Amino acid sequence: MLEVALRHRYGRAGFALDASFTAPATGVTALFGPSGCGKSSILAAVAGLLRPESGRVALAGEALLDTARGLFTAPERRRFAMVFQDARLFPHLSVAANLRYGLRRAPAQATGPGFEEVVALLGLEHVLARRPGRLSGGERQRVALGRALLARPRLLLMDEPLAALDAARRAEVLPFLARLRDAAAIPILYVTHALDEVDALADQMVLLAEGRVLAQGPVEALAARTDLPLAARRDAGALLTCRIAAHDQVRGLTQLDFPGGRFAVPLRAEPIGSQARIRLRARDVAVATEPPRGISTQNVLAAQLVSVGDATSSPEVFLQLALGPSIILARVTRDSIARLGLRPGLAVWAVIKAVTFDHAVPPPPPP
Amino acid sequence: MILSGEEWQAVRLSLDVATRSVLVSLIPAVAVAWALARGRFAGRMLLDALVHVPLVVPPVVVGWGLLMLFGLRGPIGAPLYEWFGIRLVFTTGGAALATAVMSFPLIVRAVRLGLENVDPGLEAAAASLGASPLDRFLTVTLPLMSPGILAGAVTAFAAGLGEFGAVITFAANIPGETQTLPLAIYTATQTPGGEAVAGRLALISFTLAMLGLLLAEWIARRMHMLLGRG
């Protein structure tokens, strides 16, 4: 487990950071928040590149920073490899030498994937002899990922690794990130302000605003809450981890199983049995008190109304619906609440168009 | 072009003095450039001014200052001579020292420029990959600032070939010992009928300086390509 508690102030009246959280020993923990919320400063302090005024950073019980005891471990001795937004490849070294930079400095007993394995994982075979100046933005970031992984770190730190890329390059690199996450047996701390990256990669989320932690927990749990700034987003909605159950080529549908039911969505590329995480936007979910008939919508699911948001302050209201053990969100007008007499405990039908489902991360090209 | 033995001697001596002066000042120049570019200490501005003094005071004054410090009775020259038997005044070594002091600001400026072009973010990346401060300097900072170091060295070498005032004041004008090209030219102009000698030496002086500057430019371009910025 990674424990982080930091207090830092920039300038006398400047930005104040006061955040503490923990991250589990495996999986991806996303530090999520708007620009300037302090998430990159937190990452720099964990890496040892920023010395906070006070705080403590510990991994698996071993303190690397503890200002109360006057302890500060230099960044090169923490073995927390970092991936930066701007890649920061060494311009005078070839891609191969960049990849080996951390590997050559890793302790002999450190374990992790080997050079060939990482090169294959990130599809870098054909660029090994090149200088970073001759790489595309996406290739550069893939080399940076491989270089960090090959340093055999105990913790991977990623500071908005996709933020400097255009949409096409992001789509190119994201699948490789998902692959790296599955290949790395170490925790990853991932800073981002892009919710789709959280959806695609993160298990845990630490929600930050103005230097403070608003909430932390499993991504699914935080997405289903209506009391966080996340709910104010256009893409607010529940996250469901689904299993690809069946493909129907004739009807052009894929069946997705989730705890508490099954969705039909337009045909997807993933193989049967694989996992896909689906963001079900609250504005795409309608509620009916009777089962609708003669409707194009593929998914009409029996649900129980768990909670109805405050209808006095806003013309739009969040509903929490239980489908078995899963909670999904629906966003309806205040008028609909009154018209249908919606109240907690009511049995309703959740109506979800198949085409509203986002395409999740496409699988990476075969190695 | 045919040169007399004495004229060749002046050319060789100039190359010798300029080479030695660059070798002597290179490492201190890198250290001073580092302190000026990255250091956070009181007196940084004073150090900056001190380094640049030879650019703004008359070279004769620099020579006089060296004479005071490194003369046989000077605070540095006396112990050097008594303990190690090293005498700098009126020697080739002294000419190299005077040249080194004069060209020091040129090297420092070029090295500092090279250092300021190195993104400290790359050093942070190296640190997170397990490189110690010395390791980071040797494998990241030094290679990336090397165009600045080379450019500084070549410029200082070219300028060092022509150092006059400080050399003649501190090391005097001794043929074969301290009489470099500019001193030989000066001597020729003071000698009746020496115009031809002065002309030949001036042409050589000009050619060497031009070659130095062209070399510096070529090295800079070559390094940019090697460092993957081209």
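Domain bounds here come from an automatic or database domain assignment. Keep in mind that this is a predicted model.

**Exercise 1. Work out how the two domains of chain A sit relative to each other: where do their centres lie, and which element of domain 1 gives the largest share of the side touching domain 2?**

Step 1. Start with the bounds: domain 1 of chain A covers 2–223, and domain 2 covers 237–356.

Step 2. Now take the centres over C-alpha atoms; 34 Å separate those of domain 1 and domain 2 of chain A.

Step 3. Count who touches whom. Four residues of domain 1 of chain A are in contact with six residues of domain 2 of chain A. On the domain 1 side, helix α8 (residues 219–223) of chain A supplies the largest share, three residues.

Step 4. Sort that domain 1 side by class, and you get two nonpolar, no polar and two charged residues.

**Exercise 2. Lay out the five-stranded open sheet of chain A: what is the strand order?**

Step 1. Going across the open sheet in chain A, the order reads β16-β20-β17-β18-β19, and the pairing is antiparallel.

Step 2. Look at the edges. β16 (285–288) and β19 (326–333) of chain A each have a single partner strand, so one side of each has no neighbour in the sheet. From one strand to the next, the twist averages 45°.

Step 3. Zoom in on one pair: β18 (residues 316–323) of chain A runs antiparallel to β19(A), with eight bridges between them. For a handhold in the viewer, pick L321(A), whose bridge partner in β19(A) is I328(A).

**Exercise 3. Classify the packing of α1(B) against α2(B): roughly parallel, roughly antiparallel, roughly perpendicular or oblique?**

Step 1. Get the geometry. Helix α1 (residues 5–38) and helix α2 (residues 44–56) of chain B pack at about 140°, and their axes are 10 Å apart.

Step 2. Apply the cut-off: an angle has to be over 145 degrees to count as roughly antiparallel. That leaves α1(B) oblique to α2(B). The crossing of α1(B) past α2(B) is left-handed.

Step 3. Find the residues. From α1(B) come V32(B), A35(B) and L36(B), and they meet R44(B), L47(B), D48(B) and V51(B) of α2(B). By class, this contact has five nonpolar, no polar and two charged residues.

**Exercise 4. Helix α7(B) packs against α5(B) and against α10(B). What are the angles, and what classes of residue make each contact?**

Step 1. Begin with α10. Helix α7 (residues 133–160) and helix α10 (residues 195–226) of chain B pack at an angle of about 175°, with axes 9 Å apart. That puts α7(B) roughly antiparallel to α10(B).

Step 2. Check the contact: α7(B) contributes residues including P147(B), L150(B) and V154(B), while α10(B) offers, among them, L213(B), A216(B) and I219(B). The tally for this contact is 13 nonpolar, four polar and no charged residues.

Step 3. Turn to α5. The axes of helix α5 (residues 92–116) of chain B and α7(B) come within 7 Å and cross at roughly 155°. So α5(B) is roughly antiparallel to α7(B), and α5(B) passes α7(B) in a right-handed crossing.

Step 4. Pick out the players here: S103(B), I107(B) and G114(B) are among those from α5(B), and G148(B), G152(B) and A156(B) are among those from α7(B). The residues of the α5(B)–α7(B) contact divide into 13 nonpolar, seven polar and no charged.

Conventions. Residues are numbered from 1 along each chain as its sequence is written. Chains are lettered from A and ligands numbered from 1 in the order in which they are written. This is a predicted model: local features need pLDDT of at least 70, side-chain atom pairs count only at pLDDT 80 or more; totals for chains, interfaces and linings use all residues. Two strands pair if DSSP finds at least two bridges between them. Helices (H or I, at least four residues) and strands (E, at least two) are DSSP runs, numbered from the N terminus. Axes are lines fitted to C-alpha atoms, for helices over the stretch in contact, and angles run from 0 to 180 degrees between N-to-C directions. Angles under 35 degrees count as roughly parallel, over 145 as roughly antiparallel, 65 to 115 as roughly perpendicular and the rest as oblique. A crossing is left-handed if the near helix is turned anticlockwise from the far one by less than a right angle, and right-handed if clockwise. Two residues are in contact if their C-beta atoms, placed from the backbone, lie within 7 Å. Ala, Val, Leu, Ile, Met, Phe, Trp, Tyr, Cys and Pro count as nonpolar, Asp, Glu, Lys and Arg as charged, and the others, Gly among them, as polar.
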